[in-house]
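Reader: I have a structure open and I'm not sure how to read it. Could we go through some parts of it together?
Author: Gladly; put it up and ask whatever comes to mind.

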Amino acid sequence: MASDFPYLTRSEFGNCIEWFEQVYGAVLEVKVRTSRGSHTYLQIDKPLFLARNDSNDAVDSDDVVDSDDVVDSDDVVDSDDVVDSDIEDLEDTDPTQLDTCSAMECGLIEYHVVYSASWRVPVLYVRVHASTGVVMDCRQVADMLVADSKVRGAMDAVEFGGALGIQDHPELNEPFMYLHPCHTATLLRAVVVPARDGRGAEINQRNYISAWLSLTGAAVGLSLPSIPH
């Protein structure tokens with residue numbers, strides 16, 4: 001376990017993401033990257049699928065974001081300006097796992113796990129690339145990526161969706177959406193405390209990132225696959 005769990009030093013964070021890459025590298029598109037400032041962070045890429053239009057088997061180009069331009073916070077459009085029809089169609093379907101017979105790959109979701117020196121915990125950053133010029137606001141992205149209506153309801157109940165904001169990626173200096181880390185330590189403590197009584201999970205550097213993502217990833221549509229033995 002980390003020396004001051006749930007808090008991490010930058011060195012401990014580096015060990016945690018390297019373990020995650022080793023464990024999940026066979027089942028996820030995952031890579032430990034190094035920034036110009038020599039800091040390491042974790043990148044997980046997933047294809048973005050949207051449901052085909054029943055009339056012509058095509059994805060409506062108004063419903064996804066640009067693949068060529070970095071998301072700029074000044075360019076985020078209001079939710080009233082974005083077409084909602086496909087999001088409603090996907091309400092109970094995981095858009096990253098749709099059957100290829102009924103869906104079309106139309107973009108890429110980048111998840112970056114970055115160390116916060118201020119909070120001393122990981123922070124999850126998200127960027128969505130696609131082929132059109134529309135950039136969705138945070139609520140629209142949450143509605144698209146969080147397929148489970150029960151998860152969205154739980155997020156709304158505790159105002160967790162409000163924790164999804166926009167700020168510059170600390171290692172890339174480019175605007176990303178991110179989940180604010182204010183609840184991270186509390187969530188991880190809630191998981192590990194029962195372990196002292198032999199009833200909960202033990203969290204160490206090998207499974208720290210996977211445990212954390214199991215608690216936070218659902219808020220942005222990131223679920224971890226089973227690890228083959």
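Reader: Which residues is Trp-19 in contact with, leaving aside its neighbours within four places in sequence?
Author: Bearing in mind that this is a predicted model, Trp-19 is in contact with Gln-205 and Arg-206 once its neighbours within four places in sequence are left aside. Trp-19 itself sits in helix H1, and its C-alpha atom is separated by 7.5 Å from that of Asn-207, although those two residues are 188 residues apart along the chain.

Reader: Is Trp-19 buried, exposed or partly exposed?
Author: Trp-19 counts as partly exposed, because its relative accessibility is 32%, and partly exposed covers what lies between under 20% for buried and over 50% for exposed.

Reader: Staying with H1, at what angle do H1 and H6 pack?
Author: Helix H1, which covers residues 10-24, and helix H6, which covers residues 208-216, pack at an angle of about 80°, and their axes are 7 Å apart. The two helices are therefore roughly perpendicular to each other.

Reader: And which residues meet there, in H1 and in H6?
Author: From H1 come Phe-13, Cys-16, Ile-17, Phe-20 and Tyr-24, and they meet Tyr-208, Ile-209, Ser-210 and Leu-213 of H6. Sorted by character, the residues of this contact are 8 nonpolar and 1 polar, with no charged ones.

Reader: Okay, new topic: what is going on between Phe-5 and Pro-6?
Author: Phe-5 and Pro-6 are joined by a cis peptide bond, with omega about 5°, and Pro-6 belongs to the segment before H1. As background, most peptide bonds are trans, and most residues other than glycine have a negative phi.

Reader: Then which residue in the loop between S1 and S2 has a positive phi?
Author: That would be Ser-38, which has a positive phi of about 70° although it is not a glycine, and which lies in the loop between strand S1 (29-34) and strand S2 (40-51). Ser-38 counts as exposed, because its relative accessibility is 58%.

Reader: What about the loop between S3 and S4?
Author: The loop between strand S3 (103-116) and strand S4 (121-130) holds Arg-120, which is not a glycine either and has a positive phi of about 60°. With a relative accessibility of 31%, Arg-120 counts as partly exposed.

Reader: Can we look at the strands S5 and S6 now, and how do they run?
Author: Strand S5, made of residues 164-168, runs antiparallel to S6, and 5 bridges join the two. As one example of how they line up, Leu-164 stands opposite Leu-179 in S6. The hairpin they form has 6 residues between the strands, and in it Asn-173 takes a positive phi near 55°.

Reader: How many residues of S6 are buried?
Author: In S6, which spans residues 175-179, 5 of the 5 residues are buried, so the strand is largely enclosed by the rest of the structure. Both of its faces are covered, with Pro-175, Met-177 and Leu-179 buried on one side and Phe-176 and Tyr-178 buried on the other.

Reader: And which residues of H5 are buried?
Author: In helix H5, which runs over residues 184-192, the buried residues are Thr-184, Ala-185, Leu-188 and Val-192. Looking down the axis of H5, these buried residues fall within an arc of 90°, so they line one face of the helix. It helps to know that an α-helix has 3.6 residues a turn, so residues three or four places apart point the same way. On the other side of H5, Thr-186 and Ala-190 are exposed.

Reader: What does Thr-184 touch, again leaving aside its neighbours within four places in sequence?
Author: Apart from its neighbours within four places in sequence, Thr-184 is in contact with Val-121, Pro-122 and Trp-212. Its C-alpha atom is separated by 8.6 Å from that of Val-123, which is 61 residues apart from Thr-184 along the chain. Thr-184 counts as buried because its relative accessible area is 5%, where buried means under 20%.

Reader: Last one, zooming out: how many helices and strands does the chain have?
Author: The chain has 6 helices and 6 strands, and along the sequence they follow the pattern α-β-β-α-β-β-α-α-β-β-α-α. Of its 229 residues, 45% count as buried. Among contacts with a separation of 6 or more, 70% come from residues 24 or more positions apart.

Key. Residues numbered from 1 in each chain as written. Predicted model: local features only at pLDDT ≥ 70, side-chain atom pairs only at ≥ 80, totals over all residues. Heavy atoms only, no water. Buried < 20%, exposed > 50% of the residue type's maximum accessible area, 1.4 Å probe, protein only. Helix = DSSP H or I, 4+ residues; strand = E, 2+ residues; numbered from the N terminus. Pairing = 2+ DSSP bridges. Arc of directions from axis to C-beta. Axes fitted to C-alpha atoms, helices over the stretch in contact; angles between N-to-C directions. Parallel < 35°, antiparallel > 145°, perpendicular 65-115°, else oblique. Contact = heavy atoms within 4.5 Å. Nonpolar A, V, L, I, M, F, W, Y, C, P; charged D, E, K, R; others polar.
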